[in-house]
Structure formats: C-alpha cells, structure tokens
Amino acid sequence: MLDNIPYFSYVLSAFIGIGLAAATGFRVFLPMFAVSLASYLHWIPMNESFEWLSGLPALITTGIATIAEILTYYIPFVDHLLDTISVPMATVAGSILFASQFADLGTFPQWALALIAGGGTAATISSGFAGIRAASTATTGGLGNSVVGTTETAGAGIMSVLAMAAPFVAAVCAVILIILVVVYGRKAWRKLRKTSIEP
C-alpha cells in the first residue's frame, strides 16, 4: 500500500540516511559497523556502489575501529583531542552512509544531498557534543567525560538500529537531537568561554 505513494522509496531512504548520519554524529565508526554487519548478514540490501560496506574486510575494519574509538573516549584529555578530528570525520561518515541510500539518484545529486543533509546532520551533532565534552573537561577536570562518552556510544547504537528498523522514528529523533544539541551545545561553549575568560 505504501509502495503506491509517489516517491515513497526516496522518502524512506531520506529517513534512513538522516538516522544513520545522526548516529555518526555520536560515534564515527559504530554506525558504519552496524550497517556493514547488517548488510553482511543480508538483513538490509546494499547498492552495488556500496557493496564494499557489506564485505568481510569492511566489517572487520569498522569493528576494530569501533572498539578502539569507544575505548579511547574513556581516556581523559585524549577524548578532547579526538574531538578536534571527530567533526570532519563524522561529516565524511555521515555523507557516505546517507549517500548509500541514494545510489540510484545520480552521482551529483546523490553526493550534493549527502553532504548537505547527511554531512550537515553529523557535523552538527558531533560539534555539539564536542562543546559539551569541552565544558565537562573544564568543569570536572575530565571526570565527567565518561558520562558524555557513554551517552554518545548509546546514542550511536540506538540511532543506528532505529535508522534500519524504524526509519521514520529515527528521522524524528534526529531532528529533535539536532535541536537539543544546538541549544545545549551553544550553552556549553558559552560556559567554556566564560570559564576561560575569568581569572
């Protein structure tokens, strides 16, 4: 019945793509590992252009990278250092996962949409949490960062599953997340600035 709705497949792809992009804003490699695992086990279809994601080498690589990324974020101050490169990495990962849902759209519109919607979503969430982590480092000496790190890992896992199992719910959650992260991320950056200005 839903298949009769005009452009429904594109709308569904957009929901999945936004959900996956939001997940990469939390963790770069966990969503890629989730997609790689799901496609490797044939739980979700993968377009020819992105078949490399469903291969065993990609599964092993993203799995190792996921474990390393999660563990590294529990090391005080190293996690803050990773935040400096996590935003551009999340942008790239978000764009790739979003583009994987629009492989039949044509190269230019596919990647233009991926960079704007996928990369933009991932970058917004990633930079927002970087601000929250920076404020946590400044106010708790890095002790509160483990809570932020656990929240990010949980968020990445939940959003990855939702994007593949309940795309509409994932898209709604992604929009809510972007709003919350922008609001609280800005507050965290302002708080950090005030802390650094004060003697």
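## His42 and the loop after α2

His42 sits in the loop between α2 and α3 (56–72). In this predicted model, the phi angle of His42 is near 65 degrees, which is a positive value in a residue other than glycine. Is His42 buried or exposed? With a relative accessibility of 71%, His42 counts as exposed, because the cut-off for that class is over 50%.

Leu53 belongs to the loop between α2 and α3 as well. Its relative accessibility is 0%, so Leu53 counts as buried; the limit for that class is under 20%. Which residues does Leu53 touch, leaving aside those up to four places away in sequence? They are Met32, Val35, Ser36, Ser39, Ala58 and Leu97. A further distance can be given for Leu53 and Phe33: the two are 20 residues apart in sequence, and their C-alpha atoms are 8.6 Å apart in space.

## The chain as a whole

How many helices and strands does the chain have? The secondary structure comes to seven helices and zero strands. Followed along the sequence, the pattern is α-α-α-α-α-α-α.

The chain has 199 residues, and 44% of them count as buried. Contacts between residues at least 6 apart in sequence can be sorted by separation: 69% of them join residues at least 24 apart. The exposed surface of the chain is about 10,400 Å², and 74% of that area is supplied by carbon and sulfur atoms.

## Asn145 in helix α6

Asn145 is part of helix α6, which covers residues 145–165. Is Asn145 buried or exposed? Its relative accessible area is 1%, so Asn145 is buried.

Residues up to four places away in sequence are again left out of the contact list for Asn145. The residues that Asn145 touches are then Asp79, Arg133, Ser136, Thr137 and Thr140.

## The largest pocket

Rolling a probe the size of a water molecule over the atoms shows where empty space is left. The largest pocket has a volume of about 280 Å³. Its lining is made of 15 residues, and those closest to the centre are Ser13, Pro45, Met46, Ser100 and Gln101.

Which helix gives the most to this lining? Helix α1 (residues 8–26) does, with four residues. By class, the lining of the largest pocket holds 10 nonpolar residues, four polar ones and one charged one.

## The second largest pocket

About 150 Å³ is the volume of the second largest pocket. Leu30, Phe33, Ala34, Leu37, Ala38, Trp43, Ile44, Gly157, Ser160, Val161 and Met164 line this pocket. Two or more of these residues come from each of two elements, α2 (29–40) and α6.

The biggest contribution to the lining of the second largest pocket is that of α2, with five residues. What classes of residue make up this lining? Nine are nonpolar, two are polar and none is charged. Phe33, whose distance from Leu53 was given above, is one of the lining residues of this pocket. Asn145 is not listed there, but its helix, α6, is one of the contributing elements.

## The cavity

How many cavities of 30 Å³ or more does the structure hold? There is one. The largest cavity contains about 60 Å³ of space. Of the 15 residues in its lining, Gly25, Phe26, Tyr73, Ser86 and Ser126 are the closest to its centre.

The elements α1, α4 (78–99) and α5 (107–140) each supply at least two residues of the lining of the largest cavity. The largest share comes from α5, with four residues. The lining of the largest cavity divides into six nonpolar, four polar and five charged residues.

## Confidence in the model

The average pLDDT of the chain is 85, and 87% of the residues score at least 70. Which elements have the lowest and highest mean pLDDT? Helix α7 (residues 167–197) has the lowest, at 79, and α2 has the highest, at 95.

Where pLDDT is low, the predicted coordinates should not be read in detail.

Notes
Residues numbered from 1 in each chain as written. Predicted model: local features only at pLDDT ≥ 70, side-chain atom pairs only at ≥ 80, totals over all residues. Heavy atoms only, no water. Buried < 20%, exposed > 50% of the residue type's maximum accessible area, 1.4 Å probe, protein only. Contact = heavy atoms within 4.5 Å. Areas by Shrake-Rupley, 256 points an atom, 1.4 Å probe, with all protein chains shown as cover. 1 Å grid on protein atoms, 1.4 Å probe; cavity = no way out; pocket = protein on both sides within 12 Å on 5 of 7 lines; lining within 4 Å. Points joined across faces, edges and corners; volume = space filled by probe spheres on them. Nonpolar A, V, L, I, M, F, W, Y, C, P; charged D, E, K, R; others polar. pLDDT = per-residue confidence, 0-100.
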